[in-house]
Amino acid sequence: MSASVRLSLTALSLFAAFGLAACTEGGAETVEQPSLRPVKVIEVEAPSTARELRYSGTVKARSEAAAGFRVAGKIIERLVDIGDRVMPGDVLARLDVTDYQLQMRSAEASLAAADRQLETADFALKRADALYRQQVTTKAQLEQAQLTYNQALATRDSQRSSLEQARNQVAYGELKADKPGIVTAIGADAGQVVAAGSPVVTVAADGEKEALIAVPENEIFAFASGKEVEVGFWSKDGLALKGTVREVAGSADATSRTFAVRITLPDNPQILLGMTARVTALAPSDKSLFELPLSALAQDAAKQPKVWTVDRTDATVHARSVTIDTFSDTGIQVSAGLKPGDLVVVAGTQFMAEDMKVRLADENLSRSAEADPATATVTPDAATR
């Protein structure tokens, strides 16, 4: 091989080596560093000193009575159904009053006989008085005639009262409404034999309405007559009214061990009897409560609640055990484990790991612990990593 050929091969080898080195350096320059995961956080605000109490209840009429017959008997007719509106004097149901009518006729006959006896005694008294004035009879006979008359008069009055009672029993065979209202329940039907006072028709009187809720004994001291509460309705999301506690039961229910609380509602045509009411009341709390959205809550290996906090200095996340006091409409209330100013991750908690570095975007930092969890979402580029 000539010297010129060997020189050409050497130059070609050096050129290839320099090209490979250049490619290697270019490839090293294009390697991307791992990017930081963006997260959505909120800043914990100062704790609240009051806690919200929430209950479900039922709208009821302030006055609701189960009407029943004042005498026993067999129902022969029921004239109303549930939901019917009644006015004072309307007949709700009727009894078979045949026996009471017979008693009334017997009382009428007894009264007629007592009237005749009174007339006879009155005639005998007048005759005895006339004879005594003529000194034909003795004073004892006059006194006897007077006594007979008084007895006949008392018997007549007694029979008159018996007749009035019999007539009342006949009238009681019709069950009538005594106030305007709506029929809410039926306790007996035609053909049924009922005792005096047995509930037959329940009528909710027109007028004030109230919400009835059941409060457990550990929260009953938060309620007192005159306390204002907020009342919402399941079927009317936009309707919120201010109610006033009217009555707190003096003893707990024997079965549920809860106390009945009645809340007076303002007059509103949209409120109907039987609607489901949501009652919200504020009560003083003996501990500081931090409000967080539900999306911030996670669990540790022992299934205990925790949240992920972000260190402002090095932008790393750290698990923090918390104590949940209660759940609310906006999320959870934490009583221990946080302090004001903490940054808490509210989206993407399933991707977090201890000491993991994250990226906080200014637009993702919320200053309110009551932020809507629906808006707390991981950015699209983070979801794809």
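Select V310 and L343: V310 stands opposite L343 in strand β21. The strands β17 and β21 run antiparallel and are joined by two bridges; strands here are DSSP runs of E with at least two residues, helices are runs of H or I with at least four, and both are numbered from the N terminus. Two strands are said to pair if DSSP finds at least two bridges between them. The model on display is predicted, so that local features need pLDDT of at least 70, side-chain atom pairs count only at pLDDT 80 or more, and totals for chains, interfaces and linings use all residues. Residues are numbered from 1 along each chain as its sequence is written, and side-chain values use heavy atoms, with hydrogens and water left out.

**Around strand β21**

Keep L343 selected and add E43, which stands opposite L343 in β21. Strand β1 (residues 37–43) is joined to β21 by four bridges, and the two run antiparallel. Now show the whole of β21 (residues 343–347): five of its five residues are buried, so the strand is largely enclosed by the rest of the structure. Buried means under 20% relative accessible area, exposed means over 50%, and partly exposed lies in between (1.4 Å probe, protein chains only).

Next, select K306, in strand β17 (residues 305–310). Which side chain of opposite charge is nearest to K306? It is D300, 6.6 Å away; K306 is buried yet has no salt bridge. Lys and Arg count as positive and Asp and Glu as negative, while His and the chain ends are not counted. A salt bridge requires a side-chain nitrogen of Lys or Arg within 4 Å of a carboxyl oxygen of Asp or Glu. Beyond four places in sequence, the contacts of K306 (heavy atoms within 4.5 Å) include A296, L297, A319 and R320.

**Two open sheets**

Select strands β7, β6, β4 and β9, which form an open sheet of four strands in that order with antiparallel pairing. At the edges stand β7 (174–176) and β9 (193–194), each with a single partner strand, so one side of each is left without a neighbour in the sheet. Within this sheet, β4 (residues 73–78) and β6 (residues 91–95) pair in the antiparallel sense over three bridges. To see one position of β4 and β6, pick I75, which stands opposite L95 in β6.

Turn then to β3, β10, β8 and β5, another open sheet in that order, with antiparallel pairing. Its edge strands, β3 (64–67) and β5 (85–86), each pair on one side only. Strands β8 (residues 181–186) and β10 (residues 201–205) are joined in the antiparallel sense by five bridges; A185 has T202 in β10 as its bridge partner.

**Salt bridges**

The count of salt bridges comes to 18. Select R94 and E174, whose side chains meet in one of them (3.0 Å, N to O). This pair links distant parts of the chain, with R94 in strand β6 and E174 in strand β7, 80 residues apart. R94 is partly exposed at 26% relative accessibility, and E174 is partly exposed at 31%. Adding E77 and K176 to the selection shows a network of salt bridges linking E77, R94, E174 and K176.

Move to E119 and R116, which form a salt bridge with their closest N and O atoms 2.9 Å apart. Being three residues apart in helix α2 (residues 98–133), they are separated by about one helical turn.

A further pair to select is E210 and R246, whose side chains meet in a salt bridge (3.0 Å, N to O). E210 lies in strand β11 and R246 in strand β13, so the pair ties together parts that are 36 residues apart in sequence. Is E210 buried or exposed? E210 counts as buried, at 1% relative accessibility, whereas R246 is partly exposed at 25%.

**The nonpolar cores**

Select I213, F223, V229, V231, F233, V261 and I263, which touch the most other members among the 25 residues of the largest nonpolar core. Such a core is a set of buried Ala, Val, Leu, Ile, Met, Phe, Trp, Tyr and Cys residues joined through side-chain atoms within 4.5 Å. Strands that each supply at least two residues of this core include β2 (48–61), β11 (209–216) and β14 (258–265). Apart from it lies another core, of 18 residues, among them L92, V97, V200 and V203.

**Confidence**

Finally, colour the chain by pLDDT, the predictor's confidence in each residue, from 0 to 100. The mean for the protein chain is 81, and 82% of its residues reach 70 or more. Over residues 363–385 the pLDDT is below 50.
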